[in-house]
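Welcome, and please bring the model up in your viewer. Keep the selection tool handy, as each stop on this tour starts with something to pick.

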Amino acid sequence: MSWLSNPLAPIVLLQAALVAYVIVWPVFKRAFTALQFALIRATTQSVPDVEPGAKRPYRGAWRDAAAQAAGAPRQSADWGARADAHARASKPPFAADPRRKQFLQDLGLQDPAHLIEIKTAYREMAKTYHPDRFASALHTPADRAAAAEKMQKLNRAYDWLRANG
């Protein structure tokens, strides 16, 4: 009698396939991914982008990315800090535009305000003054118009601060 003619054979085959799919396949997949990364690391390290013994260039700053996009040579790691110190010394922060102070007041903030604080304040105030919150019959048309005007003011302030912040 053949083992395939056994009535339990399909069940055993399905269980073996399930074990292979659930347990064996992820192990092979992880090993294959690790092998890929090892090959990538091996190939990229074999071609150095700077001379041996030289300081490796600073990566990840938007200034370096912008400089590289413009075709400028790579800068050293302390270049960003020096540029920030120079910018702070050369001009007072945000003193040039009086609209910034007014727009920050519209959002209930004071200078200095980070973009994350601006975004958080905008979202909180938008939840309060969004016209959809004043759509029910509980609110008068004057309340709806005031909320719409306030929301337009918030949108104007947020858009300007995001573009010029």
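Start by selecting Leu107, which sits in the loop between H4 and H5. This is a predicted model, so read each stop with that in mind. Is Leu107 buried or exposed? With a relative accessible area of 3%, Leu107 is buried, because the cut-off for that class is under 20%. Now show what surrounds the side chain. Leaving aside neighbours within four places in sequence, Leu107 is in contact with Ile118, Ala121, Tyr122, Met125, Leu154, Ala157 and Leu161. For a distance to check on screen, draw a line from the C-alpha of Leu107 to that of Glu124: the two atoms are separated by 9.4 Å, and the residues are 17 apart along the chain.

**The core**

Next, widen the selection to the core. The largest nonpolar core has 16 residues. Those with the most contacts inside it are Leu104, Leu107, Leu109, Ile118, Tyr122, Leu154 and Leu161. Which helices supply at least two residues each? They are H4 (98–106), H5 (115–129) and H6 (141–164). The largest share, 6 residues, comes from H6.

While the core is on display, click on Leu109. Not counting residues up to four places away in sequence, Leu109 touches Leu104, Glu117, Ile118 and Ala121. Ile118 and Ala121 are also among the contacts of Leu107.

**Along helix H6**

Now select H6 by itself. This helix has 24 residues, and from its first C-alpha to its last it reaches 34 Å, close to the 34 Å expected at 1.5 Å a residue. Colour its buried residues: Ala147, Met151, Leu154, Ala157, Tyr158, Trp160 and Leu161. What do they pack against? Turn H4 and H5 back on, and you will find the buried residues of H6 packing against both. As you look down the axis, recall that an α-helix has 3.6 residues a turn, so residues three or four places apart point the same way.

**Two salt bridges**

How many salt bridges does a search of the whole structure find? The search finds 2.

For one of them, select Asp106 and Lys153, whose closest N and O atoms are 4.0 Å apart. The pair links distant parts of the chain, with Asp106 in helix H4 and Lys153 in helix H6, 47 residues apart. The two partners differ in class: Asp106 is buried, with a relative accessible area of 9%, whereas Lys153 counts as partly exposed at 35%. Expand around Asp106 and, leaving aside neighbours within four places in sequence, you will see contacts with Met125, Lys150, Lys153, Leu154 and Ala157. Of these, Met125, Leu154 and Ala157 also appear in the contact list of Leu107.

For the other bridge, select Asp111 and Arg100. Here the closest N and O atoms are 3.1 Å apart. Asp111 lies in the loop between H4 and H5 and Arg100 in helix H4, so the pair ties together parts that are 11 residues apart in sequence. Asp111 is partly exposed, with a relative accessible area of 39%, while Arg100 counts as buried at 2%.

**A cis peptide bond**

Stay at Asp111 and switch on the backbone atoms. The peptide bond from Asp111 to Pro112 is cis, with omega near -5°. Pro112, too, is placed in the loop between H4 and H5.

**Out to the surface**

Move to helix H1, residues 9–45, and pick Phe28 within it. Is Phe28 buried or exposed? At 54% relative accessibility, Phe28 counts as exposed, because that value is over 50%. Now add Leu18, Val19, Tyr21, Val22, Ile23, Val24 and Trp25 to the selection. With Phe28, these residues form a nonpolar patch on the surface, and their accessible area together is about 860 Å².

**The whole chain**

Finally, zoom out. The protein chain has 6 helices and 0 strands, in the pattern α-α-α-α-α-α along the sequence. Of its 165 residues, 16% count as buried. The accessible surface of the chain comes to about 13,100 Å², and 63% of that belongs to carbon and sulfur atoms. Among contacts with a separation of 6 or more, residues 24 or more positions apart account for 38%.

How values were computed
Residues numbered from 1 in each chain as written. Predicted model: local features only at pLDDT ≥ 70, side-chain atom pairs only at ≥ 80, totals over all residues. Heavy atoms only, no water. Core = buried A, V, L, I, M, F, W, Y, C linked by side-chain atoms within 4.5 Å. Buried < 20%, exposed > 50% of the residue type's maximum accessible area, 1.4 Å probe, protein only. Helix = DSSP H or I, 4+ residues; strand = E, 2+ residues; numbered from the N terminus. Contact = heavy atoms within 4.5 Å. Patch = residues over 30% accessible without salt bridge, like charges linked within 9 Å, V, L, I, M, F, W, Y side chains within 5 Å. Areas by Shrake-Rupley, 256 points an atom, 1.4 Å probe, with all protein chains shown as cover. Salt bridge = Lys/Arg side-chain N within 4 Å of Asp/Glu carboxyl O. Expected span 1.5 Å × (residues − 1).
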